[in-house]
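User: I have a chain on the screen and would like to talk it through before I go back to the bench. Could you take my questions one at a time?

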Amino acid sequence: MMDALSVSVVPKARAGMAAGIFTTMRVTGEALAITAIGAMLMSLTAANLHAAAEVESLALPKNDTAIANQMGASAGHGTVSNTDSMRDGIIIELANHAYTSAFHSIFAVLAVLSALTAVVCLVTLRQPDATP
């Protein structure tokens with residue numbers, strides 16, 4: 001629908017250019033959004049893990065950012081199970097809980113942004129009343 005709208009507002013001779021620009025901008029926006037969400041997820045995971053380790057008075061075998069990156073790189077499962085580099089089961093449990101908590105926070109932010117976007121769309125696309 002958006003592709004058709006982007007092409008319908010330009011002269012027919014420039015329809016290909018309009019479609020190309022729109023597609024490029026859409027893909028670029030999606031890539032930037034995914035990158036930003038991934039960075040926020042890893043930052044929140046590292047912060048949650050650091051805070052949990054301080055509460056439990058545990059020394060992390062790696063820094064919290066390295067553990068968060070390992071979790072993010074684990075094919076999207078959000079788990080750490082490499083016991084060679086992290087032998088302590090408590091730290092693995094804390095890391096998994098930190099990742100889950102960060103994931104829930106990201107989903108809450110995305111839900112709020114989606115709701116705000118829906119409200120903006122409803123307000124801006126509403127037809128004015130024609131009654132005098």
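Analyst: What follows goes from the overall fold to single residues, and please keep in mind that this is a predicted model.

User: Fine, so how many helices and strands are there in the chain?

Analyst: The chain has four helices and zero strands, and when it is read along the sequence the pattern is α-α-α-α.

User: And what part of the chain is buried?

Analyst: Of the 132 residues in the chain, 20% are buried. The accessible surface comes to about 9,200 Å², and carbon and sulfur atoms account for 67% of that surface.

User: What about contacts between residues far apart in sequence, what share do they have?

Analyst: If you take the contacts with a separation of 6 or more, 49% of them are between residues that are 24 or more positions apart. Two pairs give you distances to look at in the model: Ser-105 and Leu-41 are 64 residues apart in sequence, with their C-alpha atoms 8.5 Å apart in space, while Ile-92 and Leu-49 are 43 residues apart in sequence and 10.0 Å apart from C-alpha to C-alpha.

User: Where do Ser-105 and Ile-92 sit, and are they buried or exposed?

Analyst: Ser-105 is in helix α4, and Ile-92 also lies in helix α4. Ile-92 has 13% relative accessibility and counts as buried because the limit for that class is under 20%, whereas Ser-105, with a relative accessible area of 33%, is partly exposed.

User: Let's switch to aromatics. How many aromatic pairs turn up?

Analyst: A search of the whole structure gives two aromatic pairs. In one of them, the rings of Phe-103 and Phe-107 have their centres 4.7 Å apart and their planes at 90°.

User: Why is that pair called edge-to-face?

Analyst: A pair of aromatic rings is described by the distance of the centres and the angle of the planes. The planes of Phe-103 and Phe-107 stand at 90°, so the pair is edge-to-face, given that the class takes angles over 60 degrees.

User: How do Phe-103 and Phe-107 sit along the helix, and does a cluster include them with what other residue?

Analyst: Phe-103 and Phe-107 are four residues apart in helix α4, which spans residues 89-125, and so they are separated by about one helical turn. Together with Tyr-99 they form one aromatic cluster. Phe-103 is partly exposed at 32% relative accessibility, and Phe-107 is likewise partly exposed, at 46%.

User: Which residues make the nonpolar surface patch?

Analyst: The patch, of about 440 Å², is made by Met-40, Val-109, Val-112, Leu-113 and Leu-116. Helix α4 provides the largest share, four residues, and Leu-116 is one of the residues lying in that helix.

User: Last one: where is Thr-45, and what does its side chain reach?

Analyst: Thr-45 is placed in helix α2, which covers residues 15-56, and its side chain reaches the backbone oxygen of Leu-41 at 2.8 Å. Thr-45 is buried, with a relative accessible area of 0%. You have already met Leu-41 as the partner of Ser-105 in the pair with C-alpha atoms 8.5 Å apart.

Note on methods: Residues are numbered from 1 along each chain as its sequence is written. This is a predicted model: local features need pLDDT of at least 70, side-chain atom pairs count only at pLDDT 80 or more; totals for chains, interfaces and linings use all residues. Side-chain values use heavy atoms; hydrogens and water are left out. Helices (H or I, at least four residues) and strands (E, at least two) are DSSP runs, numbered from the N terminus. Buried means under 20% relative accessible area, exposed over 50%, partly exposed in between (1.4 Å probe, protein chains only). A polar contact is a pair of N or O atoms within 3.5 Å; within protein, one must be able to donate a hydrogen and the other to accept it, and residues adjacent in sequence count only if both atoms are side-chain atoms. Rings of Phe, Tyr and Trp (its six-membered ring) pair if their centres lie within 6.5 Å; planes under 30 degrees apart count as stacked, over 60 as edge-to-face and the rest as tilted. Patches are made of residues with over 30% relative accessible area and no salt bridge: like charges are joined within 9 Å, nonpolar side chains (Val, Leu, Ile, Met, Phe, Trp, Tyr) within 5 Å. Accessible areas come from the Shrake-Rupley method with a 1.4 Å probe; for residues, only the protein chains shown count as cover. A salt bridge is a side-chain nitrogen of Lys or Arg within 4 Å of a carboxyl oxygen of Asp or Glu. Contact means heavy atoms within 4.5 Å.
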